[in-house]
Amino acid sequence: MAKFRTIAKALEEVKKIDPDTCLSDYVLRRLASEEKISQIQSGNKTLIEVESLLDFLNGVEFTPKIIKLS
């Protein structure tokens, strides 16, 4: 089952793996808006799929899934 997290919680997940990361919530928001990582968008809320974020950061080839809820 995919783990979807808010931008802040996704950043916490990355910081657990790499406490010295230079990533910020701005960077994650930008990756989501450019549709480079899998996400669910509902209104102003964006939920990021943690696994696709980690794949992106590790350079793994994948096709992001974008789900927009009205």
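This is a short talk about how the strands and helices of one model fit together, and about a few residues in it.

Okay, hi everyone. Before anything else, please keep in mind that what you see is a predicted model.

Let's start with the sheet. There are 4 strands in it, and the order across the sheet is β1-β3-β2-β4. The sheet is open, and the pairing is mixed. On the edges you have β1, residues 4-6, and β4, residues 66-69, each of which pairs on one side only. If you ignore direction, neighbouring strands are turned by 25° against each other on average.

So where does the mix come from? Walk across with me. β1 pairs with β3 in the antiparallel sense, over 3 bridges. If you want a spot to click on there, take Arg5, which sits opposite Ile48 in β3. Next, β3 and β2 are also antiparallel, this time over 4 bridges. Those two strands make a hairpin, with 2 residues between them. One to look at in that turn is Gly43, with a positive phi of about 65°. Then comes the last pair: β2 and β4 run parallel, joined by 4 bridges.

A handy residue for seeing both pairings of β2 is Ser42. Towards β3, Ser42 stands opposite Lys45, and towards β4 it stands opposite Leu69.

While we're on backbone angles, have a look at Glu35. Glu35 isn't a glycine, yet its phi is positive, at about 55°. You'll find Glu35 in the loop between α2 and β2. Buried or exposed, or something in between, for Glu35? Its relative accessibility is 38%, so Glu35 counts as partly exposed.

Right, on to the helices. α1 lies across β1 and β3, at about 110° to β1. α3 lies across β1 and β3 as well, and runs at about 65° to β3.

Now, how do α1 and α3 sit against each other? In general, you describe two packed helices by the angle between their axes and the distance between the axes. For α1 and α3, the axes come within 10 Å and cross at roughly 50°. That angle makes α1 oblique to α3. The crossing is right-handed, by the way. From the α1 side, the contact is made by Ala10, Glu13, Val14 and Ile17, and from the α3 side by Val50, Leu53, Leu54 and Leu57.

Some of those names come back in the core, which is my next stop. The largest nonpolar core has 10 residues: Ile7, Ala10, Leu11, Val14, Leu23, Leu28, Leu31, Ile37, Ile48 and Leu53. Two elements give two or more residues to it, namely α1, residues 7-17, and α2, residues 25-33. The largest share is 4 residues, and that share belongs to α1.

Let me pick one core residue, Leu31, to zoom in on. Leu31 is in helix α2, and at 9% relative accessibility it counts as buried. Which residues does Leu31 touch, once you skip everything up to four places away in sequence? The list is Lys36, Ile37, Leu53 and Phe56. Of that list, Ile37 and Leu53 are core members too. For a bit of scale, the C-alpha atoms of Leu31 and Lys65 are 13 Å apart, with their positions 34 residues apart along the chain.

Helix α2 also holds Asp25. This one is partly exposed, because its relative accessibility comes out at 35%. Skipping neighbours within four places in sequence, Asp25 is in contact with Ile7 and Leu11, and both of those are on the core list. Asp25 and Lys9 are 16 residues apart along the chain, and their C-alpha atoms are separated by 9.5 Å.

Last residue, and then I'm done: Ser52, which is in helix α3, residues 50-57. Where would you put a serine like this, buried or exposed? Ser52 is buried, since its relative accessible area is 4%. Beyond its neighbours within four places in sequence, Ser52 is in contact with Ile37, Ser38 and Phe62. Notice Ile37 again: it touches Leu31 as well.

To wrap up, what I'd like you to take away is the sheet order β1-β3-β2-β4, the oblique crossing of α1 and α3, and a core whose largest share comes from α1. Thanks, happy to chat.

Terms used: Residues are numbered from 1 along each chain as its sequence is written. This is a predicted model: local features need pLDDT of at least 70, side-chain atom pairs count only at pLDDT 80 or more; totals for chains, interfaces and linings use all residues. Side-chain values use heavy atoms; hydrogens and water are left out. A nonpolar core is a set of buried Ala, Val, Leu, Ile, Met, Phe, Trp, Tyr and Cys residues joined through side-chain atoms within 4.5 Å. Buried means under 20% relative accessible area, exposed over 50%, partly exposed in between (1.4 Å probe, protein chains only). Contact means heavy atoms within 4.5 Å. Two strands pair if DSSP finds at least two bridges between them. Axes are lines fitted to C-alpha atoms, for helices over the stretch in contact, and angles run from 0 to 180 degrees between N-to-C directions. Angles under 35 degrees count as roughly parallel, over 145 as roughly antiparallel, 65 to 115 as roughly perpendicular and the rest as oblique. A crossing is left-handed if the near helix is turned anticlockwise from the far one by less than a right angle, and right-handed if clockwise.
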